[in-house]
Amino acid sequence: MSPAIHKVRVWDLPTRFFHWALVLAVIGLAISGTIGGNAMVWHFRFGYSVLTLLLFRIIWGLVGGRWSRFGAFIYSPQSVFNYLQGRGKSEHSVGHSPIGAGSVFAMLGFLLAQVGSGLLSDDEIAFAGPLTRFVSNATVSLATNYHKNIGKWVLLALVVLHIAAIVFYLWRKHNLVGAMLHGDKELVTRVPPSRDDAASRTAALVVLAACAALVYWISTLAAPAF
């Protein structure tokens with residue numbers, strides 16, 4: 001007798017919006033940064049968009065839907081070891097697995113480092129981050145070097161690994177992309193769903209607007225052009 005299948009709302013709409021908006025913004029960052037020149041205006045805009053989304057995700061990781069909260073996928077070293085040994089728990093298949101959680105935190109961390117270093121970078125031609133005038137030339141130089149020569153390659157490697165993991169799980173008949181599109185997963189165990197109603201979505205919109213306002217204010221700190 002086949003086990004009963006339960007459809008569970010795992011990824012709330014704000015989390016799904018964050019995910020796909022981040023994908024588009026990062027693609028825009030990569031393209032505009034590669035083109036350079038006048039496209040750097042858009043590079044900054046995409047960078048501010050990524051920063052807005054990251055700030056939103058940090059807050060939503062504290063107050064968002066059940067499976068979007070960081071507390072749902074912060075695992076102890078022992079849990080990670082057990083998972084790698086094939087002794088994972090049933091809840092590991094609901095939200096982010098121990099390995100998936102590591103990928104998420106790495107991506108968030110290095111994206112923050114990339115946009116943070118971008119705020120402090122100067123191409124010494126026409127474009128400089130809005131915070132460069134608040135730090136020393138040595139700090140600007142270090143941030144610029146990281147942003148241009150280190151961070152982007154680390155992120156590229158993480159993106160490649162992320163895509164490879166998605167393909168691997170799809171090969172194993174586990175569609176991660178589908179769940180991030182419609183929000184639901186079909187599970188054999190009963191678990192509490194993520195809250196995803198009008199009130200939570202409105203709260204997410206308010207948080208996103210506040211993050212956008214903060215990032216806009218940061219963008220206005222740039223030294224005036226003469």
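These legends walk you through several views of a predicted model, from the whole chain down to single side chains.

**Figure 1. The whole protein, with seven helices and two strands.** Welcome to the overview. Starting at the N terminus, the order of elements reads β-α-α-α-α-α-α-β-α. The C-alpha trace covers about 75 × 40 × 30 Å along its principal axes. Of the 226 residues in the protein, 38% are buried. Take the contacts between residues at least 6 apart in sequence: 74% of them join residues at least 24 apart. The accessible surface amounts to about 13400 Å², and carbon and sulfur atoms account for 68% of that area. The protein carries 18 positive and 9 negative charges, and the mean positions of these two groups lie 7 Å apart.

**Figure 2. Close-up of Tyr 48 and its contacts.** Tyr 48 sits in helix α2, which covers residues 40-63. Which residues does Tyr 48 touch, leaving aside its neighbours within four places in sequence? They are Leu 119, Pro 130, Val 215 and Ser 219. Follow Leu 119 for a moment: 71 residues separate Leu 119 from Tyr 48 in sequence, and their C-alpha atoms are 9.2 Å apart in space. Val 215 and Ser 219, also on the list of contacts, belong to the stretch 198-219 that forms α7.

**Figure 3. Arg 9 and Asp 196 joined by a salt bridge.** The model has five salt bridges, and this view shows one of them, with N and O 2.6 Å apart. Arg 9 belongs to strand β1 (residues 6-9), while Asp 196 lies in the loop between β2 (184-187) and α7 (198-219), so the bridge ties together parts of the chain that are 187 residues apart in sequence. Is each partner buried or partly exposed? Arg 9 is partly exposed, because its relative accessibility is 23%. Asp 196 has a relative accessible area of 15% and is therefore buried, as the cut-off for buried is under 20%.

**Figure 4. A network of salt bridges around Asp 196.** Widen the view from the previous figure and further partners appear. Asp 196 also meets the side chain of Arg 201, with an N to O distance of 2.9 Å. Arg 201 is partly exposed, at 34% relative accessibility. The network as a whole links Arg 9, Arg 16, Asp 184, Asp 196 and Arg 201.

**Figure 5. The salt bridge between Arg 195 and Asp 197.** This view centres on the residues on either side of Asp 196. The closest N and O atoms of the Arg 195 and Asp 197 pair are 2.9 Å apart. Asp 197 has a relative accessible area of 32%, which makes this residue partly exposed.

**Figure 6. A nonpolar patch on the surface.** Here you can look for seven names: Trp 20, Val 23, Ile 27, Ile 31, Ile 35, Val 177 and Leu 181. Together they offer about 610 Å² of accessible area. Which elements give two or more residues to the patch? They are α1 (13-35) and α6 (176-182). The most comes from α1, with five residues. One residue to pick out is Ile 27, which has its place in helix α1. Ile 27 counts as partly exposed, with 45% relative accessibility.

Note on methods
Residues are numbered from 1 along each chain as its sequence is written. This is a predicted model: local features need pLDDT of at least 70, side-chain atom pairs count only at pLDDT 80 or more; totals for chains, interfaces and linings use all residues. Side-chain values use heavy atoms; hydrogens and water are left out. Helices (H or I, at least four residues) and strands (E, at least two) are DSSP runs, numbered from the N terminus. Contact means heavy atoms within 4.5 Å. Buried means under 20% relative accessible area, exposed over 50%, partly exposed in between (1.4 Å probe, protein chains only). Accessible areas come from the Shrake-Rupley method with a 1.4 Å probe; for residues, only the protein chains shown count as cover. Lys and Arg count as positive and Asp and Glu as negative; His and the chain ends are not counted. The place of a charge is taken as NZ of Lys, CZ of Arg, CG of Asp or CD of Glu. A salt bridge is a side-chain nitrogen of Lys or Arg within 4 Å of a carboxyl oxygen of Asp or Glu. Patches are made of residues with over 30% relative accessible area and no salt bridge: like charges are joined within 9 Å, nonpolar side chains (Val, Leu, Ile, Met, Phe, Trp, Tyr) within 5 Å.
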